[in-house]
Amino acid sequence: MFEVRVTDDFAAAHFLRDYHGKCENLHGHNYKVYVHVEGRTLDDGGMLLDFTVLKSALKQVLSKIDHTNLNDIKEFEQNPSAEKIAMYIYNQMLVHLKEKNIDLSQNSPSGTKISKVDVFETERNRARYKPE
C-alpha cells in the first residue's frame, strides 16, 4: 500500500453551539489540514497521484472557508467542530477532484482513495475524518 499526503492551512473564526465552556464564544484558529491518499497501484510515472493535483484541489476547498466565520457555512449547521470541518474538507475534495475526472471516493475503480483528513486547531489538538 502506498500513501501520499498534502498539507495546507487556513484561518477562520467559529463558535460551538451546545457546548458549555469558552469555545461557545466566537474565537478563531489558524488551522492546519492534512489530506492522505492511499492505494496499491502506481501510474506509469511511478506515482500514486500527482501532488500538484491534490494541492490544487485542497487550495480550492480551503479558499472557500479561509477568513470566514465557519458558523455561516450551511454544511456545519451552526456547529463547526474540527470533526465536521474534516468531513467537510473530505467531501469537498471529492467534488473538486471529480470535476477533473479523478475519483478518490471509497468505491474508486482504481482503488486509490482519500483515506483520511486531519484538521489541527492547534499543534496539540487534531480531529480526523476517516470515511468508512
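How many bridges pair strand 3 with strand 4, and in which sense? The legends below take up this question first, then move on to other close-ups of this predicted model.

**View 1. Strand 3 and strand 4 pair as a hairpin.** Here is the answer to the opening question: strand 3 and strand 4 (residues 126–129) are antiparallel, and four bridges link them. Five residues lie between the two strands of this hairpin. To get your bearings, find Val117 and look across to Tyr129 in strand 4, which stands opposite.

**View 2. Strand 3 also pairs with strand 2.** Now turn to the pairing of strand 3 with strand 2 (residues 27–39), which is antiparallel and has seven bridges. A handy landmark is His36, with Lys116 of strand 3 standing opposite. Is strand 3 largely enclosed or not? Of the eight residues in strand 3 (residues 113–120), seven are buried, so the rest of the structure largely encloses this strand. As a reminder when you follow side chains along any regular strand, they alternate between the two faces of the sheet.

**View 3. Asp18 has a positive phi in a loop.** Where does Asp18 lie? Look in the loop that connects strand 1 (2–14) with strand 2. The phi of Asp18 is near 60°, a positive value, and Asp18 is not a glycine. Most residues other than glycine have a negative phi, and that is why such a residue deserves a close-up. Asp18 is also exposed, with a relative accessible area of 68%.

**View 4. His67 is another non-glycine residue with a positive phi.** His67 sits in the loop between helix 1 (51–63) and helix 2 (82–98). Its phi is about 55°. Is His67 buried or exposed? With a relative accessible area of 67%, His67 is exposed.

**View 5. Val53 of helix 1 touches Leu97 and Ile102.** This last view stays with helix 1, where Val53 is found. Which residues does Val53 touch, once those up to four places away in sequence are set aside? They are Leu97 and Ile102. Val53 is partly exposed, and its relative accessible area is 22%; the cut-off for buried is under 20%, so 22% places Val53 in the partly exposed class. If you also look for Lys74, expect a long step: Val53 and Lys74 are 21 residues apart in sequence, and their C-alpha atoms are 27 Å apart in space.

Definitions and conventions: Residues numbered from 1 in each chain as written. Predicted model: local features only at pLDDT ≥ 70, side-chain atom pairs only at ≥ 80, totals over all residues. Heavy atoms only, no water. Buried < 20%, exposed > 50% of the residue type's maximum accessible area, 1.4 Å probe, protein only. Pairing = 2+ DSSP bridges. Contact = heavy atoms within 4.5 Å.
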